[in-house]
Amino acid sequence: MVSRVRVIGRRVIVLGVVVLQLGFIARGYSADHKEFAFQMFPESSTWRADVERVTAGGRRIPVEIPWSGYTWDGLVTERGLSYPSLRHHADAGLDNQLAFLRAALDWVAGNTPRDHTTRYLEARVTAWHNDDPPRVELFRSRMRAVAR
């Protein structure tokens with residue numbers, strides 16, 4: 001005969017697993033990167049961005065122009081971000097792709113030590129979510145140290 005403690009323990013474990021799975025599902029649909037939210041039919045969303053370096057003097061220089069020995073496509077090689085001015089399909093969803101772009105802006109701002117003129121990077125993003133009209137957003141990297 002199975003003890004009452006063992007039966008209650010099993011029920012608690014099963015309930016815990018179910019609650020954990022529901023938590024993964026809820027997090028998957030609310031997060032930018034949807035690790036636990038498989039969708040059989042992905043979005044047909046697209047995006048493009050004009051990324052610029054903004055100098056201490058206020059000049060805006062497109063990242064397609066090399067600077068201080070750096071090139072955008074040399075620094076940012078993953079997730080289809082190498083050529084942001086071209087219109088791209090958002091492979092894993094629009095929120096996911098734009099989260100990677102925001103992270104890339106911060107990464108480039110923080111990992112270009114020979115660049116002494118850029119204060120921050122800015123991306124003007126045009127995004128088409130499925131068949132919706134385009135929306136335009138502005139993303140900025142973290143502010144860099146004062147240029148010397």
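Is N130 buried, partly exposed or exposed? Let's take that as our way in, everyone. N130 has a relative accessible area of 35%, so it counts as partly exposed. Before I go on, please keep in mind that this is a predicted model.

Staying with N130 for a moment, this residue lies in the loop between β4, residues 118–128, and β5, residues 135–140. Its backbone deserves a look too: phi of N130 is near 50 degrees, a positive value in a residue that is not glycine. As a reminder, most residues other than glycine have a negative phi. S68 is another case, with a positive phi near 45 degrees. You will find S68 in the loop between β2, residues 60–62, and α2. At 35% relative accessibility, S68 counts as partly exposed.

Now let me step back to the overall layout. The protein chain has three helices and five strands. Reading from the N terminus, the order is α-β-β-α-β-α-β-β. Of the 148 residues in the chain, 34% are buried.

Let's start at the N-terminal end of that order, with helix α1. This helix covers residues 4–30, and V18 lies in it. V18 is partly exposed, at a relative accessible area of 42%. Together with V14, L22 and I25, V18 forms a nonpolar patch on the surface. The accessible area of those four residues together is about 350 Å².

Next, the salt bridges. Side chains of opposite charge can pair when their charged atoms come close. How many salt bridges does a search of the whole structure find? The search finds seven, and I'd like to walk you through some of them.

One joins the side chains of R48 and D50, at 2.9 Å from N to O. Both partners are partly exposed: R48 has a relative accessible area of 22%, and D50 has 35%.

Another joins R53 and D115, with an N to O distance of 3.8 Å. Here R53 lies in strand β1, residues 46–55, while D115 is in the loop between α3, residues 94–110, and β4, so the pair ties together parts that are 62 residues apart in sequence. In this pair, R53 is buried and D115 is buried as well.

The next one is between E122 and R140, at 2.8 Å from N to O. E122 belongs to strand β4 and R140 to strand β5, so this bridge ties together parts that are 18 residues apart in sequence. The two ends have unlike surroundings: E122 counts as buried, at 6% relative accessibility, whereas R140 is partly exposed, at 49%. If you have the model open, follow this pair outward, since E122 and R140 are linked with E52 and R60 in a network of salt bridges.

On to the aromatic side chains. A pair of aromatic rings is described by the distance of the centres and the angle of the planes. This structure holds one aromatic pair. The rings of W67 and Y70 have centres 6.2 Å apart and planes at 45 degrees, so the pair is tilted. W67 counts as buried, with 4% relative accessibility, and Y70 counts as buried too, with 8%.

Rings also come up in a second setting, under arginine side chains. Which ring does the charged end of R87 sit over? The answer is the ring of W128, with the charged end of R87 3.5 Å from the ring centre. R102, in turn, lies over the face of F139, at 5.1 Å from the centre of that ring.

One more residue before we finish, and this time a serine. S82 is found in the loop between α2, residues 72–75, and β3, residues 88–89. Why does S82 count as buried? Because its relative accessible area is 16%, and the cut-off for buried is under 20%. The side chain of S82 reaches the backbone oxygen of V76 at 2.8 Å.

To bring it together, we began in a loop with the positive phi of N130, and then passed the nonpolar patch that includes V18. From there we went through the salt bridges, including the network of E52, R60, E122 and R140, and then to the tilted pair of W67 and Y70. Thanks for listening, and I'm happy to go back to any of these in the viewer.

Notes
Residues numbered from 1 in each chain as written. Predicted model: local features only at pLDDT ≥ 70, side-chain atom pairs only at ≥ 80, totals over all residues. Heavy atoms only, no water. Patch = residues over 30% accessible without salt bridge, like charges linked within 9 Å, V, L, I, M, F, W, Y side chains within 5 Å. Areas by Shrake-Rupley, 256 points an atom, 1.4 Å probe, with all protein chains shown as cover. Helix = DSSP H or I, 4+ residues; strand = E, 2+ residues; numbered from the N terminus. Buried < 20%, exposed > 50% of the residue type's maximum accessible area, 1.4 Å probe, protein only. Phe/Tyr/Trp six-rings, centres within 6.5 Å; stacked < 30°, edge-to-face > 60°. Lys NZ or Arg CZ within 6 Å of the ring centre and 35° of its normal. Polar contact = N/O pair within 3.5 Å; in protein donor to acceptor, adjacent residues only side chain to side chain.
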